[in-house]
Amino acid sequence: MRLWKSFGVSAIGLLWFAIVAGPLARIWPRLLPIVPWRREAGIWFAAVSSVHGYLVWDGWARWDVAGLLGYQLSPETGLYLRAEPGFGLANLLGLVALALGLALAATSFDRAVAFLGVSSWKWMHTLAYAAFYLVALHVIYFAFIHYSPSPVRMTLYEPNPLRYYYIALLVTAVGTQAVAFVMTVSRRRRVGAL
């Protein structure tokens, strides 16, 4: 469990960097040199989150789709019953984010930019923000909800020590995007007024 969590924590950190580098450079132009590193961070996000997904799939779900979606086989009924209501949704959010990350990584090369065209490529890569918010929901579920006691699992787990780190990533991502947006609108209005 520690290994797949480590890959998951690394993945969200990489994706966070990929989406805040641009807004930070708008806010503080001296940070422009970090902007080209967004591409590499996004590619590494896709690779690291793929390993995270594989480790969860192999180590926890044991190659069982129903188990990955929060269902368990009931020996009494012979049916799969929902054991963890939010678990399946959280894993689906993570899988969609992974699919977006892989699609973005596959198009993070100069040939893809030339094939798609710059404006289409840029539009497609705004999906990194969607991937980040899906990952944030996935992570918040596991950091705050999943490991709390439930009728299925009475085990008491220690609170996730990184849960406030995840909240900080989410708040700083939203904050930098909002500030960069306001600054961009303000600059364009000033230029238009001149």
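**Helix lengths and packing: exercises**

**Exercise 1.** In this predicted model, compare the span of helix α2 (residues 37–59) with the span expected at 1.5 Å a residue.

*Solution.* Helix α2 has 23 residues, which at 1.5 Å a residue should span 33 Å. The C-alpha atoms at its ends lie 32 Å apart, in agreement with that expectation.

**Exercise 2.** Identify the buried residues of α2 and the helices against which they pack.

*Solution.* Buried means under 20% relative accessible area. In α2, the residues that qualify are Ala 41, Gly 42, Phe 45, Ala 46, Val 48, Ser 49, His 52, Leu 55, Val 56 and Trp 57. These buried residues pack against α1 (2–27), α3 (65–68), α4 and α7.

**Exercise 3.** Carry out the same analysis for α4, beginning with its length and continuing with its buried residues.

*Solution.* Helix α4 has 22 residues; from first to last C-alpha it reaches 33 Å, close to the expected 32 Å. Its buried residues include Phe 87, Asn 91, Leu 98 and Leu 104. The packing partners of the buried residues of α4 are α2, α3, α6 (118–125) and α7.

**Exercise 4.** Describe how α4 (residues 85–106) and α7 (residues 127–146) cross, and characterise their contact.

*Solution.* Two packed helices are described by the angle and the distance between their axes. Here the axes come within 8 Å and cross at roughly 150°. Angles over 145 degrees count as roughly antiparallel, so α4 is roughly antiparallel to α7. The crossing of α4 and α7 is left-handed. Among the contacting residues are Phe 87, Ala 90 and Leu 104 of α4, and Leu 134, His 138 and Phe 142 of α7. By class, the contact of α4 with α7 comprises 16 nonpolar, five polar and no charged residues.

Conventions. Residues are numbered from 1 along each chain as its sequence is written. This is a predicted model: local features need pLDDT of at least 70, side-chain atom pairs count only at pLDDT 80 or more; totals for chains, interfaces and linings use all residues. Side-chain values use heavy atoms; hydrogens and water are left out. Axes are lines fitted to C-alpha atoms, for helices over the stretch in contact, and angles run from 0 to 180 degrees between N-to-C directions. Helices (H or I, at least four residues) and strands (E, at least two) are DSSP runs, numbered from the N terminus. Angles under 35 degrees count as roughly parallel, over 145 as roughly antiparallel, 65 to 115 as roughly perpendicular and the rest as oblique. A crossing is left-handed if the near helix is turned anticlockwise from the far one by less than a right angle, and right-handed if clockwise. Contact means heavy atoms within 4.5 Å. Ala, Val, Leu, Ile, Met, Phe, Trp, Tyr, Cys and Pro count as nonpolar, Asp, Glu, Lys and Arg as charged, and the others, Gly among them, as polar. The expected span of a helix is 1.5 Å times one less than its number of residues. Buried means under 20% relative accessible area, exposed over 50%, partly exposed in between (1.4 Å probe, protein chains only).
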